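Please read through the following account with the sequence and the structure side by side. It goes from a sheet to the helices and then to a pair of aromatic rings.

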Amino acid sequence: MIQLDKKQTCTGCHACAAKCPKQCIKMISDTEGFWYPQIDEEECINCGLCERVCPIITPIKFEDPFSPMAYACYNRDEKVRLASSSGGIFTLIAEAVLKQGGVVFGAGFDEDFNVCHQCVERVEDLDKLRMSKYVQSKIGETYREAENFLKENRLVLFTGTPCQIGGLKAYLGKSYDNLITQDIICHGVPSPMVWEDYLAFRKKSDGGCAARKIAFRRKDFGWKRFSVSISYGNDTEYRQDLTQDSFMKGFLKDIYLRPSCHACAFKNAKRHSDITLADFWGIENILPEMFDDKGTSLVLIQSNKGKALFKSIEKKLICQRVDLDEALKYNPAAIRPAPIPKNREVFYSRFGKEPFDKIIHDLTKPSFKTRAKTVAVKALDRLNIKEQIKKTLKK
Ligand SMILES: Cc1cc2nc3c(=O)[nH]c(=O)nc-3n(C[C@H](O)[C@H](O)[C@H](O)COP(=O)(O)OP(=O)(O)OC[C@H]3O[C@@H](n4cnc5c(N)ncnc54)[C@H](O)[C@@H]3O)c2cc1C
Ligand code: SF4
Ligand code: SF4
Ligand code: SF4
């Protein structure tokens with residue numbers, strides 16, 4: 001029976017709960033808002049299956065000794081590209097699978113804008129899974145659903161964070177030719193409870209109407225300067241830059257990531273997936289001709305299966321092979337977990353008691369030293385400009 005000695009050793013992947021033959025494991029949210037297994041000991045028969053399928057307790061082996069190959073690319077369809085987080089590659093992979101009669105699993109919103117894994121069987125429904133949601137997605141019953149499709153010989157594309165792909169593989173316990181997996185370079189996942197609190201705060205501040213559509217990565221001001229958008233039922237919209245929106249500010253400062261993200265066991269260029277997707281940060285330095293601020297993806301091909309699928313969508317891409325180490329230089333989240341920030345504990349001691357915006361404002365405002373430095377740099381800049389003018393006038 002699973003015994004968690006440290007929260008960092010559980011990713012909340014749901015594999016143990018999905019596998020338990022007595023169904024006596026429930027995934028329960030803790031006070032920070034993250035799910036952990038809770039076992040009904042009365043029902044447990046001590047079969048040990050939960051420990052054997054936990055990818056942290058029993059690490060899974062790589063299925064394919066393939067060395068990852070890196071590409072910079074984006075979708076030729078500009079509409080899809082602009083509606084996606086980076087280059088719109090997920091949509092092309094998913095369409096290729098659906099066109100072969102397959103099914104696609106990924107993270108979408110439910111009717112209350114909680115993030116949860118779901119299955120899509122039609123191209124016109126892919127919009128539900130498109131675009132990053134910066135909240136931990138609940139796996140729920142989707143490992144079992146995917147297994148049923150696999151047993152029916154349907155082609156299955158399962159997408160998610162590296163730990164969710166690890167959980168799926170551990171749950172399945174065997175490889176399937178008809179399974180394709182796609183993960184992301186994952187910085188970490190914020191707490192669903194914090195997301196819920198933020199949404200309630202926004203609703204109250206924005207007039208009390210229910211949200212109709214939410215996007216974390218609108219590209220109207222560019223891919224790099226993306227914005228969060230919440231469209232409300234009364235046709236109003238909240239829109240804020242990533243550096244100003246309080247939820248994004250807290251996320252980017254790692255204040256409410258899942259504890260396992262700070263000790264992530266899945267950080268590696270080599271993954272358990274067939275394809276890894278990411279933003280190609282630093283593309284303007286590596287291949288300036290691939291940078292137009294509309295979104296460029298970094299794609300890592302992880303297996304022969306991934307290579308074949310990628311080849312099948314090649315004509316729909318603008319694409320260039322790149323050196324793997326060079327590509328990862330600008331994306332440290334691929335290989336290194338984020339350290340636990342000092343103010344994480346302070347955040348949770350105030351969370352739920354004070355308005356969300358106020359806590360984040362206090363915890364992310366620049367220190368006195370940083371503010372003093374900014375003022376000094378600006379003053380020096382002004383002096384320098386004066387010197388330049390004097391020199392020019394003397395000439
Ligand atoms: C929590 C999170 C952290 C990330 N951190 C980084 C990072 O540090 N560096 C980096 O380069 N890229 C990161 N990404 C990946 C990046 O944001 C894009 O998702 C990726 O580049 C794919 O973009 P796309 O344009 O091809 O497809 P899109 O259509 O934008 O992506 C959709 C895909 O993302 C999946 N997805 C969306 N939200 C979630 C979620 N909450 N959990 C699991 N899967 C999800 C969907 O299932 C689908 O497979 C992160 C994504 C998420 C969700
Ligand atoms: S030991 Fe077996 S019965 Fe008990 S919780 Fe684990 S999987 Fe379920
Ligand atoms: S990591 Fe996954 S399988 Fe392991 S205990 Fe946590 S939820 Fe269960
Ligand atoms: S950082 Fe690691 S543990 Fe956290 S969600 Fe991503 S893959 Fe899972």
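Two strands are taken to pair if DSSP finds at least two bridges between them. The model is a predicted one. In it, β9 and β10 run antiparallel and are joined by five bridges. One of these partnerships sets S227 against D241 in β10. The two strands, β9 and β10, make a hairpin, with four residues lying between them. Within that turn, D235 has a positive phi of about 65°.

On the other side of the pairing scheme, β8 meets β9, which covers residues 227-232, again in the antiparallel sense and over five bridges. Here A211 is placed opposite Y232 of β9. Taken together, the three strands give an open sheet with the order β8-β9-β10 and antiparallel pairing. Its edges are β8 (211-218) and β10 (237-241), each of which pairs on one side only. From one strand to the next, the twist averages 10°.

A helix accompanies this sheet. Helix α7, residues 192-205, lies across β8, β9 and β10. The direction of α7 is at about 60° to that of β9.

Two further helices can be described as a pair. Helix α5 (residues 142-151) packs with helix α6 (residues 162-172) at an angle of about 55°, and their axes are 10 Å apart. Angles under 35 degrees count as roughly parallel and those from 65 to 115 as roughly perpendicular; α5 and α6 are therefore oblique to each other. Their crossing is right-handed. On the α5 side, the residues that meet α6 are Y143, R144, A146, E147 and L150. On the α6 side, the contact is made by C163, Q164, G167, L168, Y171 and L172. Sorted by class, the contact of α5 with α6 comprises seven nonpolar, two polar and two charged residues.

The last topic is aromatic rings. A pair of such rings is described by the distance of the centres and the angle of the planes. Over the whole structure, a search finds 23 aromatic pairs. One of them is formed by Y134 and F216, whose ring centres are 5.6 Å apart and whose planes stand at 85°, so this pair is edge-to-face. Planes over 60 degrees apart are counted that way. What does this pair tie together? Y134 belongs to the loop between β5 (115-120) and α5, whereas F216 belongs to strand β8, so the pair ties together parts that are 82 residues apart in sequence. F216 thus leads back to the sheet, where β8 is one of the edge strands.

Definitions and conventions. Residues are numbered from 1 along each chain as its sequence is written. Chains are lettered from A and ligands numbered from 1 in the order in which they are written. This is a predicted model: local features need pLDDT of at least 70, side-chain atom pairs count only at pLDDT 80 or more; totals for chains, interfaces and linings use all residues. Side-chain values use heavy atoms; hydrogens and water are left out. Axes are lines fitted to C-alpha atoms, for helices over the stretch in contact, and angles run from 0 to 180 degrees between N-to-C directions. Contact means heavy atoms within 4.5 Å. Angles under 35 degrees count as roughly parallel, over 145 as roughly antiparallel, 65 to 115 as roughly perpendicular and the rest as oblique. A crossing is left-handed if the near helix is turned anticlockwise from the far one by less than a right angle, and right-handed if clockwise. Ala, Val, Leu, Ile, Met, Phe, Trp, Tyr, Cys and Pro count as nonpolar, Asp, Glu, Lys and Arg as charged, and the others, Gly among them, as polar. Rings of Phe, Tyr and Trp (its six-membered ring) pair if their centres lie within 6.5 Å; planes under 30 degrees apart count as stacked, over 60 as edge-to-face and the rest as tilted.
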